[in-house]
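Open the model in your viewer and keep the selection tool at hand. This tour goes stop by stop.

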Amino acid sequence: MGLWSYLRGTDILESTSSNGNGESRSLPAPENQYPLLTPPFLAGKVTPVQSLAIGDVWAAVRVLADAASSLPIHVYRKTEAGRERVTSGKLVDLLDRPGPATTQADLVSTLMCHVLIWGNAYLAKYREGEEVAQLSLLHPERVKPELKDGQLKWRYTPPTGPERMLTEADLVHIRGLSVDGLTGLSAVSQASRVLGLSDELVKHALSYFTIQTDGGAHRPAGVLRLGTSDMTPSPEGTDRYREDLRNKSRPHGILVVEGDVEYVPIAQKLDDSQFVEQRRLAAQEVCRVFRIPSHMLNAGTGGDSLTYSTSESMSIDFVKYALAPWLRRIELAVSNDTDLAFQRQFIKFEVDGLLRADALTRAQIYEKALDPVVGWLQRSEVRALEDLPPESTPPPIQQTVEQLLARPPEVGVNGSSSS
């Protein structure tokens, strides 16, 4: 059953090959609805699915996913001289168009979300006969790695139908930090208490400004104590008076009790309880979990002012320590798969775009790179780096100092040397 059967709506896209033991290598069609699972042992904690509802976590994951999906992926082949760029072939086509209505940016963005939230990403290989025809992602909560007889397999639970055992012929496993070498650890599960702090602070802020369903407030703004003199209304009047005050008061209502006529405000503003500082601390903790600079989540202290040099340095640190380790795991996982990368091929994310200097700095670097004596680039290479079209006419020949010194001196009419 091939790719076109899958496009027509068939549930299973099968390969005609087997592993020699009668095992069928097959995958179900990609699912669009992900399970919202909350295991009992995680009750009260932040689960991977729930974590995306936390604003700080959403922002952190999006920073890394968007940065990775914006990078081009190039295919290279190892040669005796180093490497050479591969511009056509099976792997290039799969990366350019992984599947129907799926772009390379979509695939990389979703893959990054899986490894950041669940610690694992499973890149499924759908075949047309013997060849891999498209790539898609399986939801991490439906896949469980197992080691059987020294061979790593994956138990997959589809939305409908029985469980299936998948092998390396069916998927590519990208895992995060692991303690057993089989399953990557979820940053959300490991740091659920830290992420829960951010969630609880948001809930506290909502409760502070939210009116109850009965018209009251979660926290009264003050206490109005009524006296016991003749001015004290009857119990029915007290209830009616309380209801009138509640309807006319602001979201934080007034608590009415019996006693002397006195109003006692309950003064506890968010600033007094250092709510802003706690929110900033919670956001910084999320930045620590995902190893991204705090300014990318606007989680710096109020007096911080980033200069150009510090901002550039933090951007470089973001690429080196937060993004590059994940990109390296993806590169190695895909490059080591013999179904995708063969004939000594490998893939590489081009991060130069994120480390690109300003125009003046680039001009100074290119000036040295084009120096006729110590330069290491040609004009055509510089134009390619700047994404400029090739020159219509070849540039004039630049003579080096050695060429000028080696040229014989010109002889004048009277026999004297012009030099």
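In what sense do strand S3 and strand S14 pair, and over how many bridges? Select residues 73-79 for S3 and residues 345-349 for S14. The two strands are antiparallel, and 5 bridges link them. For a landmark, pick Arg77, which has Gln345 of S14 opposite.

Bear in mind that this is a predicted model.

**The other partner of S3**

Keep S3 selected and add strand S4, residues 82-86. This pairing is antiparallel too, again with 5 bridges. Tyr76 faces Arg85 across the pair, with Arg85 in S4. Now look at the link between the strands: S3 passes into S4 by a hairpin of 2 residues.

**Just before S14**

Go back to S14 and step to Arg344. Arg344 sits in the loop that leads from H10 to S14. Its phi is near 60°, a positive value although the residue is not glycine. Is Arg344 buried or exposed? Its relative accessible area is 56%, and the cut-off for exposed is over 50%, so Arg344 counts as exposed.

**A three-stranded sheet**

Next, select S6, S5 and S10. They form an open sheet in the order S6-S5-S10, with antiparallel pairing. Which strands stand at the edges? Strand S6 (131-138) and strand S10 (171-175) do. Each has a single partner strand, so one side of each lacks a neighbour in the sheet. From one strand to the next, the twist averages 20°.

Zoom in on S5, residues 120-128. S5 and S10 are joined by 5 bridges and run antiparallel. Use Asn120 as the marker here: Arg175 in S10 stands opposite. In general, strands of a sheet pair through backbone hydrogen bonds. Side chains in a regular strand alternate between the two faces of the sheet.

**Into the core**

Select Leu64, Met112, Ile174, Phe290, Ile292 and Leu323. These residues have the most contacts inside the largest nonpolar core, which has 53 residues. Which helix gives the most to this core? Colour H10, residues 308-335: this helix supplies 9 residues.

Centre on Ile174 and show its surroundings. Beyond four places in sequence, Ile174 touches Leu111, Val115, Gly119, Asn120, Ala121, Leu123, Arg329, Ile330 and Ala333. Asn120 is thus a residue to revisit from the sheet stop.

Another core lies apart from the largest one. It has 10 residues, including Tyr122, Tyr126, Leu138 and Val143.

**Another loop with positive phi**

Move to Asp149. The loop that holds Asp149 runs between strand S7 (143-148) and strand S8 (151-156). Phi here is near 55°, positive in a residue other than glycine. Asp149 is exposed, with a relative accessible area of 84%.

**Zoom out**

Show the whole chain. The count is 13 helices and 14 strands. Of the 419 residues, 36% are buried. Among contacts with a separation of 6 or more, 63% are between residues 24 or more positions apart. The accessible surface is about 25400 Å², with 53% of it from carbon and sulfur atoms.

**Last stop: confidence**

Colour by pLDDT. The chain average is 74, and 59% of the residues score at least 70. Select residues 1-25: pLDDT is below 50 there, and the stretch has 51 contacts in the model beyond near neighbours in sequence. Then select residues 213-217, also below 50. This stretch has 10 such contacts, again beyond near neighbours in sequence.

Technical notes:
Residues are numbered from 1 along each chain as its sequence is written. This is a predicted model: local features need pLDDT of at least 70, side-chain atom pairs count only at pLDDT 80 or more; totals for chains, interfaces and linings use all residues. Side-chain values use heavy atoms; hydrogens and water are left out. pLDDT is the predictor's confidence in each residue, from 0 to 100. Contact means heavy atoms within 4.5 Å. A nonpolar core is a set of buried Ala, Val, Leu, Ile, Met, Phe, Trp, Tyr and Cys residues joined through side-chain atoms within 4.5 Å. Buried means under 20% relative accessible area, exposed over 50%, partly exposed in between (1.4 Å probe, protein chains only). Helices (H or I, at least four residues) and strands (E, at least two) are DSSP runs, numbered from the N terminus. Two strands pair if DSSP finds at least two bridges between them. Axes are lines fitted to C-alpha atoms, for helices over the stretch in contact, and angles run from 0 to 180 degrees between N-to-C directions. Accessible areas come from the Shrake-Rupley method with a 1.4 Å probe; for residues, only the protein chains shown count as cover.
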